[in-house]
Amino acid sequence: MTSPAEPLVIFTPSGRRGRFPKETTVLDAARALGVDIDSVCGGRGICGRCQVEQSIGSFAKHGIESRPENLSPFDTVETEYRDQRGLAEGRRLSCTAHLRGDAVIDVPPESQVYRQVVRKGLDVRDFHIDPVVRLHYVEVTRPELASPTGDLIRLQEALEREWGLTDLEADLSVLVALQPALEKGSWAVTVAVHDRHTITGVWPGLHEKAYGVAIDVGSTTIAGHLADLADGSVLASAGVMNPQIRFGEDLMSRVSYAMMHPEGAVEMTAAVRKALNGLLATLAMQSGIKRDEILELAIVGNPIMHHLLLGIDPIPLGSAPFALATDRAVRLRAAELELKTHPGGRVYVLPCIAGHVGADTAGVILAEAPHESEVVELVVDVGTNAEIVLGNRHFLLAASSPTGPAFEGAQISSGQRAAPGAIERVRIDRETLEPRFRVIGSELWSDDPGFAEATAETGVTGICGSGIVEVIAELFLAGVITEDGIIDGTLSARSARVIAEGRTFSYLLHDASAAGRPRIVVTQNDVRAIQLAKAALYAGVRLLMDRAGIETVDEIRLAGAFGSQIDMFHAMVLGLIPDADLAHAKSAGNAAGTGALIALLSGAARREIEAVVRTVEKIETAVEPRFQQHFVEAMAFPHKTAAYPHLSAVTELPARRSGYRDGSNGSDSPDRGRRRRRATAAAAKEDR
Ligand code: FES
């Protein structure tokens with residue numbers, strides 16, 4: 001029973017309050033009230049995780065005076081901690097400060113276990129850390145001849161006594177390391193406990209750091225973030241090419257490789273695991289930690305990457321019914337994937353959703369949370385495949401559409417990956433048809449003074465994905481490309497940039513050939529490649545809109561390395577995305593990777609995504625009869641039939657012209673055009 005004579009303590013920002021006997025530690029009072037304060041050392045004044053700040057003054061609304069003397073003065077433990085490790089002005093260790101009177105105590109975010117992670121500058125939701133791996137310092141009783149129990153039992157007893165952890169199991173590697181650690185730490189050790197269930201690591205004395213890595217295994221690149229598991233801070237980010245590219249550029253060619261070669265899948269599994277080990281080494285080096293300090297991994301990837309990484313045969317994913325080996329999250333040891341981390345390292349692989357909709361889409365959902373939205377959101381992660389999610393808090397639909405590598409600069413004559421020297425922004429004068437552009441590595445436009453000097457080192461080397469989208473959209477707006485995607489050859493009379501090349505025309509964007517540097521053109525084939533890619537993406541989106549019975553979407557998010565770089569206006573001009581208010585169309589960064597990071601840091605998020613994916617309705621674009629029709633209609637810029645009222649309100653779209661113009665060298669009759677559309681549609685189907 002508390003009495004009014006006992007000091008009243010109020011914690012902020014939670015607002016929790018209670019009365020406690022004098023000399024109760026602030027940490028004990030917090031625990032009794034369920035206030036979230038971190039601790040690794042169990043209140044021994046050595047870890048410094050439990051820091052709080054007393055708010056001094058008169059708090060009329062609470063009816064209390066919070067005076068400095070209402071907390072005990074610094075004792076030797078706190079003084080020693082301050083002298084050795086530093087304690088900011090006003091900070092106290094809540095495990096050593098005792099209540100002597102009423103107090104208002106502020107718990108700063110960094111002292112909370114379930115702290116909120118705010119990603120400034122990134123348009124992803126904030127989330128709370130819910131650590132899957134926790135570190136606990138314990139003092140283990142020494143063995144005695146009279147009661148000869150094993151060291152593990154006494155460790156488990158200490159963990160139950162000090163941390164309330166029961167029924168813990170232990171890895172073999174922990175048993176191996178336990179006795180040396182106990183000896184070295186004079187019977188005080190820190191253990192890592194995974195999911196309140198398994199002791200996965202042991203270190204002598206106090207060990208305060210646990211790290212994890214979130215990985216997005218893409219078909220082209222593998223990207224990783226190394227994070228501090230306690231506070232969610234990202235210490236390093238890096239990417240490597242997926243070495244499976246040598247077995248096939250796109251997903252289906254990798255499945256074909258597995259079909260044609262008895263050891264093909266095994267080879268691809270070994271290649272991706274090796275790349276992951278390289279990535280872990282790079283991230284550890286960049287962060288200044290050792291690889292064996294990595295205790296946790298969270299991984300996303302499309303179904304084929306997912307299966308190959310896990311060593312599961314991907315062949316069933318290559319044809320209907322596209323059966324996944326599992327559509328549940330996978331929890332395993334890093335060693336089972338031959339990944340070099342701490343011996344007790346664990347891996348969490350987010351759940352796949354369907355045969356064509358993978359764990360990367362689960363990551364996108366976790367990052368963007370369309371399932372919490374009141375309005376209808378369209379989220380597209382654009383890569384070699386486009387992962388598409390449509391919905392709100394009442395429904396979620398997902399599909400994957402085979403856009404191919406054109407958006408990443410492949411299959412484009414002057415295409416290149418996003419690197420210094422690549423054209424990333426383009427504007428074309430509607431009257432003169434003259435271009436101006438910007439390259440990665442310089443803020444200047446090509447018609448700004450000093451551009452040549454600023455880009456002298458890199459040169460102008462090619463066009464990256466976002467540049468391709470812009471140049472084709474600008475050429476369409478300038479009337480150089482028709483809505484059917486034909487470069488209008490009649491304009492060669494007006495501009496020397498429109499040049500005949502065989503039976504079609506090209507647009508000369510930049511010519512440095514006199515200086516022995518690239519001549520950068522947009523060819524008819526380039527336009528075709530982008531038409532195929534954007535039509536596949538739009539058709540996938542449209543199928544989901546059909547299923548939802550909607551004609552418009554409220555919010556659009558484009559994610560992925562390419563998607564996050566595209567200018568929304570130009571994406572809409574091309575018809576890569578449906579018409580919408582441009583103010584509600586935004587980039588979402590690398591949403592799949594962000595989703596992996598959230599899952600790395602939060603057990604609650606893992607439970608959330610596992611529940612949400614069960615509610616997602618999957619659409620297999622490959623077997624949907626209407627895909628073909630949508631695809632053919634979406635070949636036009638921005639679209640053959642769909643209205644683009646929001647876009648028309650902000651720019652003047654070229655008037656529609658009927659059929660194909662003579663500009664295609666006079667060879668493209670409407671009939672021929674129809675035959676080609678059928679052919680390109682069929683080709684796209686084969687690609688899938
Ligand atoms: S709990 Fe570790 S210093 Fe207070």
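Okay, so before I count anything: when I say helix or strand, I mean a DSSP run, with at least four residues for a helix and at least two for a strand, numbered from the N terminus. On that basis the protein has 18 helices and 31 strands. And keep in mind that what you're looking at is a predicted model.

Let's get the overall picture. The C-alpha trace spans about 100 × 65 × 55 Å along its principal axes. There are 688 residues, and 48% of them are buried. If you take contacts between residues at least 6 apart in sequence, 67% of those join residues at least 24 apart.

How is the chain split into domains? The assignment gives domain 1 (8-111), domain 2 (127-204), domain 3 (211-349), domain 4 (364-404 + 530-687) and domain 5 (406-528). So much for the map; I'll pick out two spots.

Spot one is domain 2. Its C-alpha centre lies 30 Å from that of domain 3. The contact between them takes 11 residues from domain 2 and nine residues from domain 3. On the domain 2 side, helix 4, strand 12 (188-194) and strand 13 (198-204) each bring at least two residues. That side has six nonpolar, four polar and one charged residues.

Now, helix 4 has another neighbour. The axes of helix 3 (residues 151-163) and helix 4 (residues 172-184) come within 10 Å and cross at roughly 80°. That's why we can call helix 3 roughly perpendicular to helix 4. Who touches whom? From helix 3 you've got D151, L152 and L155, and they meet L175, L178, Q179 and L182 in helix 4. Sort the residues of that contact by class and you get five nonpolar, one polar and one charged.

Spot two is strand 22, residues 396-401. Six of its six residues are buried, so the strand is largely enclosed by the rest of the structure. Look at the two faces: L396, A398 and S400 point one way, L397, A399 and S401 point the other, and all are buried.

What does strand 22 pair with? One partner is strand 21 (residues 386-391), antiparallel, over six bridges. A hairpin of four residues connects strand 21 to strand 22, and within that pairing I388 has A399 as its bridge partner. Another partner is strand 31 (residues 617-619), which runs parallel to strand 22 and is joined to it by three bridges. There, A398 sits opposite K618.

That's the tour, thanks.

Terms used
Residues numbered from 1 in each chain as written. Predicted model: local features only at pLDDT ≥ 70, side-chain atom pairs only at ≥ 80, totals over all residues. Axes fitted to C-alpha atoms, helices over the stretch in contact; angles between N-to-C directions. Parallel < 35°, antiparallel > 145°, perpendicular 65-115°, else oblique. Contact = placed C-beta atoms within 7 Å. Nonpolar A, V, L, I, M, F, W, Y, C, P; charged D, E, K, R; others polar. Buried ≥ 20, exposed ≤ 12 C-beta atoms within 10 Å, placed from the backbone. Domains from an automatic or database assignment. Pairing = 2+ DSSP bridges.
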